[in-house]
Amino acid sequence: MNEKKHVRVAAALLFENGRIFATKRGDSPYPYVAHKYEFPGGKIEQGESGEDAVKRELKEELDLEVSVGGLYASLTFEYPDFIITLFVYECTRASEFVLKEHEGYAWLSPSELKEEEWAPADADIIGTIKRVFGE
């Protein structure tokens with residue numbers, strides 16, 4: 001039996017004016033994450049810190065500059081094809097952004113966050129956000 005690939009991902013929790021920034025994935029070889037919302041970010045490269053990864057990924061994917069604050073949450077989630085350890089950092093936006101790799105985005109209030117619309121690993125954090133930031 002093949003061992004599943006384990007990826008480490010750093011993502012941004014951007015909270016402005018009572019709303020959370022979500023990017024929407026496009027087509028994917030993994031149907032369970034295709035066309036789902038996610039916290040923007042990406043894979044942590046070898047030797048890279050989570051903070052550096054989230055800054056690099058947001059610049060690459062969204063041409064977005066951020067300042068990275070503390071670690072908001074981390075979790076490990078097993079998908080059918082791979083395992084992800086997700087580190088979500090509280091970030092502050094320092095520039096405008098441009099969608100380069102996503103099919104859409106939204107600014108969602110906590111009451112608008114619906115777990116079923118999110119990639120499953122990210123959805124696990126939605127409940128915490130609703131509790132912390134209020135419905």
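Begin with the whole protein shown as a surface: its accessible area comes to about 7,200 Å², of which 46% belongs to carbon and sulfur atoms (Shrake-Rupley method with a 1.4 Å probe). This is a predicted model, in which local features need pLDDT of at least 70 and side-chain atom pairs count only at pLDDT 80 or more, while totals for chains, interfaces and linings use all residues. Residues are numbered from 1 along each chain as its sequence is written, and side-chain values use heavy atoms, with hydrogens and water left out.

Switch next to a cartoon, where two helices and seven strands appear, following the pattern β-β-β-β-α-β-β-β-α along the sequence; these are DSSP runs numbered from the N terminus, helices being H or I of at least four residues and strands E of at least two. The C-alpha trace spans about 50 × 30 × 25 Å along its principal axes. Buried residues, meaning those under 20% relative accessible area with a 1.4 Å probe and protein chains only, make up 47% of the 135 residues.

Now select helix α2, residues 120-133, whose end C-alpha atoms lie 20 Å apart, in agreement with the 20 Å expected for 14 residues at 1.5 Å a residue (the expected span is 1.5 Å times one less than the number of residues). Its buried residues are A121, D122, A123, I125, I126, G127, I129 and K130, and what covers them includes β1 (5-16), β2 (19-24), β3 (37-38), β5 (66-78) and β6 (82-93). Just after α2, G134 takes a positive phi of about 90 degrees.

Keep α2 in view and select F39, Y79, I84, W118, I125 and I129, which touch the most other members among the 29 residues of the largest nonpolar core; such a core is a set of buried Ala, Val, Leu, Ile, Met, Phe, Trp, Tyr and Cys residues joined through side-chain atoms within 4.5 Å. The elements giving two or more residues to this core are β1, β2, β5, β6, β7 (104-108) and α2, and α2 gives the most, with five residues. A second, separate core of 15 residues includes A12, F21, L58 and F87.

Finally, move to S28, in the loop between β2 and β3. Leaving aside residues up to four places away in sequence, S28 touches V33 and A34, contact meaning heavy atoms within 4.5 Å. The side chain of S28 also reaches the backbone nitrogen of Y30 at 3.0 Å, whereas the C-alpha atoms of S28 and L13, 15 residues apart along the chain, are separated by 22 Å.

Terms used: Buried means under 20% relative accessible area, exposed over 50%, partly exposed in between (1.4 Å probe, protein chains only). A polar contact is a pair of N or O atoms within 3.5 Å; within protein, one must be able to donate a hydrogen and the other to accept it, and residues adjacent in sequence count only if both atoms are side-chain atoms.
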